[in-house]
Amino acid sequence: MKKIVIEGGAKLQGSINISGSKNSSLPILAATLLIDEKIILNNVPNVKDILTMVSLLETLGKKIKIKNNTLEITSTNKPSYFAQYELVKTMRAGILVIGPLLAKFNMAKVSLPGGCAIGARPVDIHLDFLSKIGYENKVVKGYVVSKKKFSKNKISFFFKKISVGATETAILSSCLSSKEVKLINIAIEPEVIDLINFLNRSGTNIKFIAKRSLIIKGVKNLRGLKYQIMPDRIEAGTYMVASAITNSPLILKNISVVHLKNIINIFKKIGLNIKILSDRSLKVLPGRLKSIRIKTVPYPGFPTDMQAQLMSLLIFAKGISEIKEDIFENRFLHVLELQRMGAKIEIKNNKAKIIGIDYLSGAQVMATDLRASVCLVLAGLVAHGKTEINRIYHLERGYENLVKKLKNCGAKIKIINVR
Ligand code: UD1
């Protein structure tokens, strides 16, 4: 087992290169199951979730060569429609292979997913859509077993709740067919748009007809292509917090400024000065932090994936801040750990009240999801004394070279092996 040890208080300086987006790479990797020809993906982050998805695709008939951040994906003559529990259990995005498998084989057996412990996280909307387009779905011994029952040429589907994953499943299961599918009330996160761009580039026809509605005109074959994954906006937001919390100006490179607008606006409101250097880079100039009331909402609102990191920053904001978590229940697991470091945070249902203070002390902490883990790293950067973060498994799932990137900027941070 490994843990991260941070000696708090060091100032940061310099610049950080942001990696490619994990949450965009995962559905695009699932989409490669729809394409027989060779695909080259650039800017794929080298993180655990990606390696898990690669292993999963290899069991489903793909051959994948990884060189730095480039993946070369070809097809073998051993395709399969069976996605095993061992690979899907650690990563919720494993469910995303169900759409392409059904599009290819008209049947699929996919383990119900695992992932972060941030609530129940059902897949009912994914399955509602698949039923609507003609598949019968049963849950048998932890697996979703789906088979084609009927076929319809024109389908219109309304999402009862905005869901990134269910939108991606709907798109992935529809673009290789003779159907015309209208999707209403979809998620429009930049990662969903990246998937659509990838699929359109490979020959499908997906067109927006309104802000949250689109029409997919399926095609018989998709062609191979070379594609550059978008930058990770959540990683960028996380390092913006690292800059602000340590009161150190930092430059972020390889970002997409347009995707960060919502996050930048909130950071400006709480007192940071953000200088846009180009559409691919910005500089964070920390300022005196002000409290804020905010809720997490689907894009273009403030993302739930930045909630924990924002909370660690608001600990140092003057006055009382409030964060309402409107996407996931049970996504305040980091609060108990932040309290152990001295934070004054009160939770009532899905609201957290953060009372501004000016001092955290280092402690032994651990977290149970990806963003919660990174918020403890951020708190550790500024806490007095030593912070030890246990169970860093979740961090490795989603942040490429986190420790190296922070260390290169001057943070006193290291990974140590423990028994
Ligand atoms: C994706 C992201 C995750 C992010 C989340 C919200 C990936 C790999 N993960 O997760 O980092 O936090 O979007 O931006 O891209 N829901 C249902 N039934 C369903 C599906 C979802 O009730 O069938 C609910 C969820 O429990 C949650 C809400 O809808 O309350 C949004 O979830 P969703 O957008 O689907 O999140 P994921 O795609 O799992």
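## A walk from the strands to the ligand

Start by selecting Phe82 and Lys109: Phe82 stands opposite Lys109, which belongs to strand S7. Keep in mind as you look around that this is a predicted model.

**Stop 1: the strands.** Now widen the selection to residues 82-83, strand S6, and residues 107-111, strand S7. These two strands run parallel to each other and pair over 2 bridges. Next, add residues 143-148, which form strand S9. Which way does S9 pair with S7, parallel or antiparallel? The sense here is antiparallel, and the pairing extends over 5 bridges. To see one of the facing pairs, select Ser111 and Tyr143: Ser111 stands opposite Tyr143 of S9. While you have the strands on screen, a general point may help you read them: side chains in a regular strand alternate between the two faces of the sheet.

**Stop 2: the ligand.** Select the ligand and show what lies around it. You should find 19 surrounding residues, and the closest are Arg92, Asp124, Ser163, Asp305 and Ile327. Colour this shell by residue type and it splits into 8 nonpolar, 5 polar and 6 charged residues.

Then pick out individual contacts to oxygen atoms of the ligand. Try Asn23, where a polar side-chain atom is 3.1 Å from a ligand oxygen. Move to Lys161, which places a polar side-chain atom 3.2 Å from an oxygen of the ligand. For Val164, turn on the backbone: one of its backbone N or O atoms sits 2.7 Å from a ligand oxygen.

How much of the ligand does the protein cover? On its own the ligand has 740 Å² of accessible area, and the protein covers 88% of that. Two elements each give two or more residues to the shell: helix H5 (124-132) and helix H6 (164-174). Select H5 and you have the element that gives the most, with 3 residues.

**Stop 3: the second largest pocket.** For the last stop, leave the ligand and centre the view on Ala244, Ile245, Asn247, Leu289 and Phe316. Of the 19 residues lining the second largest pocket, these five, Ala244, Ile245, Asn247, Leu289 and Phe316, are the closest to its centre. The space in this pocket comes to about 380 Å³. As general background, empty space is revealed by rolling a probe the size of a water molecule over the atoms.

Now select helix H8 (233-245) and helix H12 (370-382), the elements that give two or more residues to the lining of this pocket. Coloured by type, the lining of the second largest pocket has 10 nonpolar, 5 polar and 4 charged residues.

Notes
Residues are numbered from 1 along each chain as its sequence is written. This is a predicted model: local features need pLDDT of at least 70, side-chain atom pairs count only at pLDDT 80 or more; totals for chains, interfaces and linings use all residues. Side-chain values use heavy atoms; hydrogens and water are left out. A residue is near a molecule or strand if one of its heavy atoms lies within 4 Å of it. A polar contact is a pair of N or O atoms within 3.5 Å; within protein, one must be able to donate a hydrogen and the other to accept it, and residues adjacent in sequence count only if both atoms are side-chain atoms. Accessible areas come from the Shrake-Rupley method with a 1.4 Å probe; for residues, only the protein chains shown count as cover. Helices (H or I, at least four residues) and strands (E, at least two) are DSSP runs, numbered from the N terminus. Ala, Val, Leu, Ile, Met, Phe, Trp, Tyr, Cys and Pro count as nonpolar, Asp, Glu, Lys and Arg as charged, and the others, Gly among them, as polar. On a 1 Å grid over the protein atoms alone, a cavity is a set of points where a 1.4 Å probe fits but cannot get out, and a pocket is an open set with protein on both sides within 12 Å along at least five of seven lines; lining residues have an atom within 4 Å of a point. Grid points are joined across faces, edges and corners, and a volume is the space filled by probe spheres set on the points. Two strands pair if DSSP finds at least two bridges between them.
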